[in-house]
Amino acid sequence: MDQTVFSERLREAMGERGFKQVDLLRIASERGQKLGKSQLSQYLSGKTQPRASVLAFLADALGTTEDWLLGSPSEPAAGVAPPAASPSSASPGSDASGGSPADAPPITGRSNSHIAARQTSQEVHPMPARKFDKSSKLDHVSYDVRGPALDEAMRMEEDGINILKLNIGNPAPFGFTTPDEVVQDMASQLRDTEGYSDSRGLFAARKAIMQYDQLKGIPNVSMNDIYTGNGVSDLINLVMQAMVETGDEVLVPSPDYPLWTACVTLAGGKAVHYLCDEQADWLPDLDDMRAKISSNTKAVVLINPNNPTGALYPREILEEIVEICRQNQLIILSDEIYDRLVMDGGEHVSIASLAPDLFCITFNGLSKSHMIAGWRIGWISISGNKRLGKGLMEGIHMMSNMRLCSNVPAQSIVQTALGGYQSVKNYVVPTGRVCKQRDYVYERLCAIDGISVVKPKAAFYIFPRLDPEKFNITDDEQFQLDLLQDKRVLIVPGKGFNWEKPGYFRIVYLPRRAVLGEALDQLEIFLSYYRQ
């Protein structure tokens, strides 16, 4: 084999098909052919010659023949130009100046129509299309609050079907508006917030948050212990990436807000679910929490007030959780985004205020209390014994620097929102809209045969149960889809909140009473005949 001719022919064939080395290497990998980058480079440089099996692969992948690659004067296969004439055998009119074969014109005497006919008659092996799949890191990650049923609802809406949506805790579409003073403040500061801020956040925003933490009794929070984010969701992911090592376990409530489980999993950890007890108004089952702790457990997550149940944790329960964390040297992660949406005269207690000797991270924001979910502004406050989490704090700071900063215009209104008139209080008093709609939905559900439900004390969610003997629900997601397609009502099944018992679902009671009434009418009719 003439190695120089082979390398020239190989380059020519690759050029005609628009192949680079990486393309041949990828095809070889897909076909199980052993071919390394250094090998291919040596073939192209004329330093070595391929084995018979590699030669056969190259000819097949390039749509030519082994003989032509080896220097035969016969025409190449479809898609590859005929071999160039050598200077000594150049036909009349060809360049015989000694240029390389690759520069010489193709052999004459064959018409284009003949070549085209031969190309259509000869089998061509097209390069396999490269496909792109989601990362395997997402194999066990789910977020079914916005799952397949929402896609089906959107398709139905595109067909002109009106959907009664009780699935997302987004206040704005239901007529809850941001206080005028907050809107005016943002508008007046837009020009001043065009650039990046400190990665932790604006000074004024963090100062207001620190003062709010002081009012909540959260100890030992300085300006440098506060990080703003694009909502609490952004910060859950940031903290998990900074905190979780592969194999770490994090205790998460069941039912939960599913982003917690998803972010623990995405970070390489394992979310271990401790039960909340329906018979105890959905408070954490402390015996189950203790039983789930192992040598790999690093932290405990609390969602208080709770989404999806609306439970509010009393001080006594929180004190017991603090003791469990103290005995097992665990981090406390407390999601308190609904702390200002408490009804019936209840009091929200921040667990960090009870744990000055432990390492605590409290998550909060304005999305729900100030009805500005789309503005994306949340924060974390690190408190307690920060010496225990010095390395983790460095990781959080690194992650914060990597995303540069959070939404600066939204940061600019934190001071006004936290320090000014708290209009949310008008919603949660007995005559307030949220409280009245909570009462209406609770009473309607209690009146439906086969439904039992715990009255929520906070937030704007309720988590009913369908009698398993009456309805025989074995598949929550099928129930969700059947209700949507039959009665045009969209809810979220219990499975979407990592609750394994079938027959539970979450209703958002933010829509106006007329919409809630229509949706509950349809639910009641549906349940009068539905069985699985």
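A crossing of two helices is right-handed if the near helix is turned clockwise from the far one by less than a right angle. All the views below come from a predicted model.

**View 1. Helices α10 and α11 cross in a right-handed sense.** Helix α10 covers residues 231–243, and helix α11 covers residues 258–266. Their axes lie 9 Å apart. The angle between them is about 30°. Angles under 35 degrees count as roughly parallel, so α10 is roughly parallel to α11.

**View 2. Residues of α10 meet residues of α11.** From α10 come S233, I236, N237, M240 and Q241. From α11 come L259, W260, C263, V264 and L266. Seven residues of this contact are nonpolar and three are polar. Charged residues are absent from the contact of α10 with α11.

**View 3. Helices α2 and α3 also pack, with a right-handed crossing.** Helix α2 spans residues 21–31, and helix α3 spans residues 37–45. The axes are 10 Å apart, at an angle of about 130°. An angle from 115 to 145 degrees is neither roughly perpendicular nor roughly antiparallel, so α2 is oblique to α3.

**View 4. Residues of α2 touch residues of α3.** On the α2 side are Q21, L24 and L25. On the α3 side are K37, L40, S41 and L44. By class, the contact of α2 with α3 holds four nonpolar residues, two polar residues and one charged residue.

**View 5. C325 is a buried cysteine without a bonding partner.** The relative accessibility of C325 is 0%. Its closest cysteine sulfur belongs to C360. The two sulfurs are 8.0 Å apart. A disulfide needs sulfur atoms within 2.5 Å, so the pair C325 and C360 is too far apart for a bond. Across the whole structure, the search finds zero disulfides.

**View 6. C276 is buried as well.** The relative accessible area of C276 is 3%. Buried means under 20%, so C276 falls in that class.

**View 7. The protein chain as the setting for the close-ups has 532 residues.** Of these, 52% count as buried. The secondary structure comes to 21 helices and 15 strands. Among contacts with a separation of 6 or more, 72% join residues 24 or more positions apart.

Key:
Residues are numbered from 1 along each chain as its sequence is written. This is a predicted model: local features need pLDDT of at least 70, side-chain atom pairs count only at pLDDT 80 or more; totals for chains, interfaces and linings use all residues. Side-chain values use heavy atoms; hydrogens and water are left out. Axes are lines fitted to C-alpha atoms, for helices over the stretch in contact, and angles run from 0 to 180 degrees between N-to-C directions. Helices (H or I, at least four residues) and strands (E, at least two) are DSSP runs, numbered from the N terminus. Angles under 35 degrees count as roughly parallel, over 145 as roughly antiparallel, 65 to 115 as roughly perpendicular and the rest as oblique. Contact means heavy atoms within 4.5 Å. Ala, Val, Leu, Ile, Met, Phe, Trp, Tyr, Cys and Pro count as nonpolar, Asp, Glu, Lys and Arg as charged, and the others, Gly among them, as polar. Buried means under 20% relative accessible area, exposed over 50%, partly exposed in between (1.4 Å probe, protein chains only).
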